[in-house]
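Subject: Structure handover

Hello,

Please find the structure below. My notes on it follow.

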Amino acid sequence: MESSLNTEESNIPRRQSSQRFSNWKVITTSIIIIIAVILGAISYYQATHFNAQIKINGIKVKGLTADQALKKLKTTDLKNIVYVGDQQILDGKDTKMVFSDKDLPAVKKLLSNQRTFFPSSKAKNFSIQPDQTDQYRSHTLKNQVEEKLVSLNKKLKVPKDAAVTLEQGKIVVSKSISGEQYDVANLLKDYENHKYTSEIRLNSAFIQPIMEDSEIVKNEEKKLQELLQQTVDYKVQDKVYSLNASELIKNASVSKDMKVTIDAGDIKNKIAEINHTQSTLNKNFNFKTHSGSVVPVKGQGYGWALDVEKETAQIQAAFENREKSIAASNIIGHGWKNEGYGYETTVNSGIGDTYAEVSIAEQRIWIYKKGKLVVTTNVVTGKHNTGNDTSKGVWYVLYKRSPSTLTGRELGGDESYSVKVNYWAPFTNDGQGFHDASWRSNWSSSAYLNAGSHGCVNTPPNVMKIVYENLSTYEPVVIY
């Protein structure tokens, strides 16, 4: 009996221990299930809601789902205030963000990117651009920002670039000066890249001057040094003048696109000097007559000169464009359109070897072609005793006409005349020229003294045809 009792009593602790183990297992399993549920709930929440310190475009989306966050973005006002640095330059009108349902995938992507297994207090500010373009922000407000910056710049100190100039033959580098004006182009680029937030804060950007030690200034200096080493060969008729930049260019500048601009004052003086030495306009020609004597005859209609202003500009451009040689091309004179005559020839003091020679004293003409006498004849020139002498000087044949009608007024009276001639070759603008005179009976060498013409060179009809045929338009007529 005693042994049986002892055995029963020993089983009681075993049953109690087994019961306790069973209870603990249930509790542990329950705890694990609870934890799993909690973790699952946390994981689900974290996967569908934004963390506490998350912002999108500066807007808090704490605890919101993607749909809720998008709704908040849609309904949020943009203040559109623009700063440059800490200075507010513009307060635009309030607008709504232009987010739409098309932007939900982008919001969901942010939700996924910010997700953590456990709630996080780490602050992040994400940025997205709406699928739809915000016309006010991208156009209207941007234009207003540009206009405001330009307006502000008008009142701000302008920076000054270092520059290289040639002053009185010496290369001078001026110092740069800092300014206060905004760099509008860079600020607008910053604006275009700015996040889609109510406040637009642009980094301060100012126009920086070109400094003395910059590559630009060094290249400008090199450009002027090269200019001073240039020589332009300038051809006028058969003469070539070597024009040295170091002698003729005392002042010059270089633009930012490396274009040289020259003060052409000394070039102009040089061209004027060449013109004075070489031109024939309004000067005496030392003319060698048929007899071999040399007489001075002043240029009248015939002669040429350089257009100093235009030739100066041409030489200036040649230096600026680094040309090596150039020929004179702007020739003026007393022609119909201010053109000059005789530039192409240098022989016979510039008259050449093809011309008509008229001697008032001998009352005779000689016509030469390429240095050879082709015709000579007696003539009657203008009436001397009334002061209607044929005008002395070097002229040129204006034109030729056959037949022609000559009109004018009788000498010493008001009566007009109109006569027909077979050949007419004028050489002055006031109507003097060669023509036949069938009405004339007095062809003596003294006829011109009291019975001369109105100023023309009357030529005997029997020789006028050959005279006419050997006169050439624009060729000189020398009257002495």
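Glutamine 363 sits in the loop between strand E20 (355-359) and strand E21 (364-369). The model is a predicted one. The phi angle of glutamine 363 is near 50°, which is a positive value in a residue other than glycine. Glutamine 363 has a relative accessible area of 2%, and since buried is taken as under 20%, this residue is buried.

A positive phi also turns up at asparagine 282, where the angle is near 65°, again in a residue other than glycine. Asparagine 282 lies in the loop between helix H8 (265-278) and strand E15 (284-288). Its relative accessible area is 44%, so asparagine 282 counts as partly exposed.

One more backbone item concerns a cis peptide bond. Serine 402 and proline 403 are joined by it, with omega about -10°. Proline 403 belongs to the loop between strand E23 (393-396) and strand E24 (404-409).

Next, helix H3. Which residues of helix H3 (residues 104-114) are buried? They are Leu104, Val107, Leu110, Leu111 and Gln114. These buried residues lie on the same side of H3, because they cover an arc of only 120° around the axis. The general background is that an α-helix has 3.6 residues a turn, so residues three or four places apart point the same way. Pro105 and Lys109 are exposed on the other side of H3.

Two surface patches are also on the list.

- Nonpolar patch: Trp24, Ile27, Ile31, Ile35, Leu39, Phe117 and Phe118 form it, and together they have about 690 Å² of accessible area. One of these residues, isoleucine 27, is part of helix H1 (residues 2-48). Isoleucine 27 has a relative accessible area of 42% and is therefore partly exposed.
- Positive patch: Lys55, Lys60, Lys62 and Lys72 make up this patch on the surface. Lysine 55 is located in strand E1 (residues 54-56). With a relative accessible area of 33%, lysine 55 is partly exposed.

Why can isoleucine 27 and lysine 55 belong to patches while being partly exposed? The patch cut-off is over 30% relative accessible area, and the values are 42% for isoleucine 27 and 33% for lysine 55.

Regards

How values were computed. Residues are numbered from 1 along each chain as its sequence is written. This is a predicted model: local features need pLDDT of at least 70, side-chain atom pairs count only at pLDDT 80 or more; totals for chains, interfaces and linings use all residues. Side-chain values use heavy atoms; hydrogens and water are left out. Patches are made of residues with over 30% relative accessible area and no salt bridge: like charges are joined within 9 Å, nonpolar side chains (Val, Leu, Ile, Met, Phe, Trp, Tyr) within 5 Å. Accessible areas come from the Shrake-Rupley method with a 1.4 Å probe; for residues, only the protein chains shown count as cover. A salt bridge is a side-chain nitrogen of Lys or Arg within 4 Å of a carboxyl oxygen of Asp or Glu. Lys and Arg count as positive and Asp and Glu as negative; His and the chain ends are not counted. The place of a charge is taken as NZ of Lys, CZ of Arg, CG of Asp or CD of Glu. Helices (H or I, at least four residues) and strands (E, at least two) are DSSP runs, numbered from the N terminus. Buried means under 20% relative accessible area, exposed over 50%, partly exposed in between (1.4 Å probe, protein chains only). The arc is that of the directions from the helix axis to the C-beta atoms.
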